[in-house]
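Biologist: Please walk me through how to read this one, feature by feature. I'd like the general idea each time, then the case in front of us.

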Amino acid sequence: MRHSIGALVLGAVLGLTGCNSDSDNGTQAAAESYTLVVMPDTQKYSRYNPERYNAQTQWIADNYKQQNIVFTAHLGDVVDLPDSEQEWLNARAAMSILEANPATPYSILAGNHDVLAYRQSGVDINSNFDSDRTLAAEPFLKHFPASLQQNNFASFQGTDATGFNSYHLFKGGEREYLLLALDWRTSAASIAWAQSVLDAHPETPTILTTHQLLNVADDGNNAIFTDHGAMLWDKLIKDNDQIFLTFNGHHHGEAKMVAKNRYGRDVVMILVDYQSGFWGGNGMLQLVSFDEANKRLQFRSFSPWVAAIPEAKRQPQDVLQRWEFEQPLDFEKRFAKLNQEVETEGPGKLEGTLAYWIFDAEHKLTSTDPTKVQFMDLSGRGNTLSLKAKAASSGTQEQLFELLGEAPGFGHATGAARFKGGNT
């Protein structure tokens, strides 16, 4: 819930094909598409107005067939005060609406407001990893134990030793997906557990959900890694090619980052959290349509609570939907040859080639260290290039090296690199 920066939009806002902005039932996308519902921080609903929380899950229960909703993912901060039994009961009542039907499975994870350390004086909540807690005392594990989902949903596959991390398998169209739901402070042991899950499913496209990963930059136009998010990227996400999509809440607003993993493939990373808005978000969910036919993901945030208000009676703060955009995704291409080095035509195929680098933004790998620039090896031999100074330089790396959008008239590059030296 911390570090409010406001509700911010990154990138162009696009209308969705087949989506009527005045529709009150959320109808969207073609029949062959399927939908993932993302439920950001519900803490204010659990504390102050559970009717908005109930409206969210009831809408999913009522519309899962029409919308082809295949799964719902909660991003944590289920409650506001972890020692408030009433808030947990409110949350349980809302989520039990989904539990009543095995066709509406969900995942859930703990945010900082869901662990007791948040309310204990003298405890550094930022260092309270899932392995450091007294598990028997934690209310999250009491109200959302592994047995609860195991008894309700075939999608549920298990948890780690703490019970704070879980994974799920579900079908979207003809494709199987894995969803990892990780605690807001994932310990080294839990990272190792998550890696074991990924190792057991090397060919399964994977969605990672957690409470904190991205934040909104001070300029309001870019997404940045948090310290914990940088750890997740470096130790889990970038080296596991099947992770193609991530979601987190915690930081107020909206932001998107498209990052390049170690294989040079895109990982779409989304921050969405409306708790700082009217009535803690006014019932806003995020709907993600997987449109395989048109090779795209379609995103929009939609409020079932506002949809239930007659249009003539809605106030200015009663926003039906917002943050609509689409992200290209060639499903077949992205999920082919997972965790294998990328090979390309051209010089990379010549006999004796040891490495083939293209210096443009498309082939620059994402690093959590702003001083570290890397380019993938397109020969398929794994010889990633790292840019380093030959000698002590008189400026930062950003001052000495930059990528340009000017493509050369030959070769395969979509841009160019400028080495500025900074000396004579």
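Biologist: Let's start with Lys-260: buried or exposed?

Modeller: The scale goes by relative accessible area, with a 1.4 Å probe and protein chains only: buried is under 20%, exposed is over 50%, and partly exposed is in between. Lys-260 has 16%, so the residue counts as buried. Keep in mind that this is a predicted model, where local features need pLDDT of at least 70 and side-chain atom pairs count only at pLDDT 80 or more, while totals for chains, interfaces and linings use all residues. Residues are numbered from 1 along each chain as its sequence is written, and side-chain values use heavy atoms, with hydrogens and water left out.

Biologist: Which side chain does Lys-260 meet in a salt bridge?

Modeller: Side chains of opposite charge can pair when their charged atoms come close. The rule here asks for a side-chain nitrogen of Lys or Arg within 4 Å of a carboxyl oxygen of Asp or Glu. Lys-260 pairs with Asp-266, at 3.0 Å from N to O. Asp-266 is partly exposed, with 30% relative accessible area. Bridges with shared partners can also add up to a network, and Arg-175, Glu-292 and Glu-332 are joined that way.

Biologist: How many salt bridges does the count come to?

Modeller: The count is 19 salt bridges. One of them links Glu-85 and Lys-142, with 3.7 Å from N to O. Glu-85 sits in helix H3 (85-99) and Lys-142 in helix H4 (139-143), so this bridge ties together parts 57 residues apart in sequence. Those labels are DSSP runs numbered from the N terminus: helices are H or I with at least four residues, strands are E with at least two. Glu-85 is partly exposed at 36%, whereas Lys-142 is exposed at 57%.

Biologist: And what about Lys-238 and Asp-239?

Modeller: They form a salt bridge too, their closest N and O atoms lying 3.2 Å apart. Lys-238 is partly exposed at 23%, and Asp-239 is partly exposed at 29%.

Biologist: Now the empty space. How much of it lies in the largest pocket?

Modeller: Rolling a probe the size of a water molecule over the atoms shows where empty space is left. On a 1 Å grid over the protein atoms alone, a pocket is an open set of points with protein on both sides within 12 Å along at least five of seven lines; a cavity is a set where a 1.4 Å probe fits but cannot get out; lining residues have an atom within 4 Å of a point. Points are joined across faces, edges and corners, and the volume is the space filled by probe spheres set on them. The largest pocket comes to about 820 Å³. Its lining has 26 residues, with Gly-264, Arg-265, Lys-333, Val-342 and Glu-362 closest to the centre. Strand E12, strand E15 (321-328) and helix H9 (331-334) each give two or more residues to that lining.

Biologist: How do the residues of that lining divide by class?

Modeller: Ala, Val, Leu, Ile, Met, Phe, Trp, Tyr, Cys and Pro count as nonpolar, Asp, Glu, Lys and Arg as charged, and the others, Gly among them, as polar. The largest pocket has nine nonpolar, six polar and eleven charged lining residues.

Biologist: What is the volume of the second largest pocket, and what lines it?

Modeller: The volume is about 530 Å³. Of its 22 lining residues, Lys-364, Leu-365, Thr-366, Ser-367 and Pro-370 lie nearest the centre. Strand E11 gives the largest share, four residues. By class, the lining has twelve nonpolar, four polar and six charged residues. Ala-259 is in strand E11 (253-260) and is buried at 0%. The C-alpha atoms of Ala-259 and Ser-367 are 8.7 Å apart, although 108 residues separate the two along the chain.

Biologist: How many cavities of 30 Å³ or more does the structure hold?

Modeller: One. The largest cavity has a volume of about 70 Å³. Helix H5 (146-152) and strand E4 (156-159) each supply at least two lining residues. The lining includes Phe-140, Phe-144, Phe-156 and Phe-164. By class, seven lining residues are nonpolar, five are polar and none is charged.
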